[in-house]
Amino acid sequence: MTNAVVRIIEELKNRGGLKGTDVANIASVSPTTVSRWIAGKALPDPQTQLVISDLRYVVDRLSEFYTPNETRLWLYSKHRLLNGERAVDLINQGETEKILTVVESIDEASFT
């Protein structure tokens, strides 16, 4: 599991332009906690694992359209299609489906 967590955090960095502090903020943990995960000294609890896996999925989808820096900005920006909410907050609240609906509309628009 530790290697999986490290891999996911590395993917979030490479594909989403996210830093450990971003992962910490989105998952509502301290940056020290994320450092401990990376060092293999701790594992996220099950609820935090869900948040991280949702974040990874959203980042993977967004990386199909945006650069890592654009993906990070998209995650932190308020969106009209999300009723003025930010994707990072919705992921933290377990409302990833709202984001994925918007991402699907971006995907559909790219083919028209």
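This tour moves through a few salt bridges and then stops at a pair of helices that cross. The structure on your screen is a predicted model, and every stop below should be read with that in mind.

Begin with the salt bridges, of which a search of the whole structure finds seven. Side chains of opposite charge can pair when their charged atoms come close.

For the first stop, select Arg 56 and Glu 11, and show their side chains as sticks; the two form a salt bridge in which the closest N and O atoms are 2.9 Å apart. Colour the helices next, and you will find Arg 56 in helix α4, which covers residues 46–62, and Glu 11 in helix α1, which covers residues 2–16, so this pair ties together parts that are 45 residues apart in sequence. If you switch on a surface, Arg 56 is partly exposed, with a relative accessible area of 29%, and Glu 11 likewise counts as partly exposed, at 23%.

Now select Arg 61 together with Glu 64, whose salt bridge has its closest N and O atoms 2.6 Å apart. Is Arg 61 buried or exposed? With a relative accessibility of 9%, Arg 61 counts as buried, because the cut-off for that class is under 20%, whereas its partner Glu 64 is partly exposed, at 49%. Keep both residues selected and add Glu 104, since Arg 61, Glu 64 and Glu 104 are linked in a network of salt bridges.

For another pair, select Lys 98 and Glu 95, where the side chains meet in a salt bridge with an N to O distance of 2.6 Å. On the surface view, Lys 98 counts as partly exposed at 41% relative accessibility, and Glu 95 counts as partly exposed at 27%.

Leave the charged pairs and turn to two helices: select residues 20–27, which make up helix α2, and residues 31–38, which make up helix α3. Their axes come within 8 Å and cross at roughly 115°, which means that α2 is roughly perpendicular to α3. The crossing of α2 and α3 is right-handed.

Which residues of α2 and α3 make the contact? Select Gly 20, Thr 21, Val 23 and Ala 24 on the α2 side, and then Pro 31, Val 34 and Trp 37 on the α3 side, to see the residues that make it. Colouring this selection by residue type shows how the contact of α2 with α3 divides, with five nonpolar residues, two polar ones and no charged ones.

Notes
Residues numbered from 1 in each chain as written. Predicted model: local features only at pLDDT ≥ 70, side-chain atom pairs only at ≥ 80, totals over all residues. Heavy atoms only, no water. Salt bridge = Lys/Arg side-chain N within 4 Å of Asp/Glu carboxyl O. Helix = DSSP H or I, 4+ residues; strand = E, 2+ residues; numbered from the N terminus. Buried < 20%, exposed > 50% of the residue type's maximum accessible area, 1.4 Å probe, protein only. Axes fitted to C-alpha atoms, helices over the stretch in contact; angles between N-to-C directions. Parallel < 35°, antiparallel > 145°, perpendicular 65-115°, else oblique. Left-handed = near helix turned anticlockwise from the far one by under 90°. Contact = heavy atoms within 4.5 Å. Nonpolar A, V, L, I, M, F, W, Y, C, P; charged D, E, K, R; others polar.
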